[in-house]
Amino acid sequence: MSDVNTFYKVHGIRVLIYRNGKLLIMKRADSDENDGNLWDIPGGKIEPDESVFDAITREVFEETGLSAASISIEDLHGLIIGDFDSGNKLVIAVYECNSSTTKIKLNEEHSDYRWVNLSELSSYSLGRILIAVQPSLSN
């Protein structure tokens, strides 16, 4: 049996939101210093004392206008572990959700959105998180 000697806390969440077989992607605003004008999926940091599921509900509402009643959290898709903005190891949990509507209300973090077939993703300029997740998505 191998030794387990590393523990990683989940710092953030990202959400793959599907509706009728299409994935919601959102274009980051030009002001985003890391992924400006690149296409990504909603999500963000988990606040202190916030559960992962509360963070999903909050971030999805803040970035898309979708309420908790319009999404259903389906499953953990996977984890991304990497050196991001701070140079520290960060863990981002990626969840799958379904939406009961396609009506999105953008906030200042995004300039556009699209519902796309997975086969169309390669025609978009993708942000770091969606680049990491894309190989695990099924067409």
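The buried residues of helix 1 pack against strand 1 (10–19), strand 2 (22–28), strand 4 (43–45), strand 5 (71–83), strand 6 (89–99) and strand 7 (110–116). The model is predicted. Leu16, Leu23 and Ile25 are among the best-connected members of its largest nonpolar core, which has 17 residues.

**Helix 1**

- Helix 1 covers residues 52–64, which makes 13 residues.
- From first C-alpha to last, helix 1 reaches 18 Å, close to the 18 Å expected at 1.5 Å a residue.
- Its buried residues are Ala55, Ile56, Glu59, Val60, Glu63 and Thr64.
- Viewed down the axis of helix 1, these buried residues fall within an arc of 125 degrees, so they line one face of the helix.
- An α-helix has 3.6 residues a turn, so residues three or four places apart point the same way.
- Gly65, just after helix 1, has a positive phi of about 80 degrees.

**The nonpolar cores**

- In the largest nonpolar core, the residues touching the most other members are Leu16, Leu23, Ile25, Leu121, Val133 and Leu137.
- At least two residues of this core come from each of strand 1, strand 2, strand 6 and helix 2 (128–133).
- Helix 2 gives the most to this core, with three residues.
- Another core lies apart from it and has 16 residues, including Val15, Ile17, Leu24 and Ala93.
- In soluble globular proteins, nonpolar side chains tend to be buried together.

**Contacts of Leu23**

- Leaving aside neighbours within four places in sequence, Leu23 is in contact with Leu16, Ile17, Tyr18, Arg114, Trp115, Val116, Leu118, Leu121 and Leu137.

Conventions
Residues numbered from 1 in each chain as written. Predicted model: local features only at pLDDT ≥ 70, side-chain atom pairs only at ≥ 80, totals over all residues. Heavy atoms only, no water. Helix = DSSP H or I, 4+ residues; strand = E, 2+ residues; numbered from the N terminus. Expected span 1.5 Å × (residues − 1). Buried < 20%, exposed > 50% of the residue type's maximum accessible area, 1.4 Å probe, protein only. Arc of directions from axis to C-beta. Contact = heavy atoms within 4.5 Å. Core = buried A, V, L, I, M, F, W, Y, C linked by side-chain atoms within 4.5 Å.
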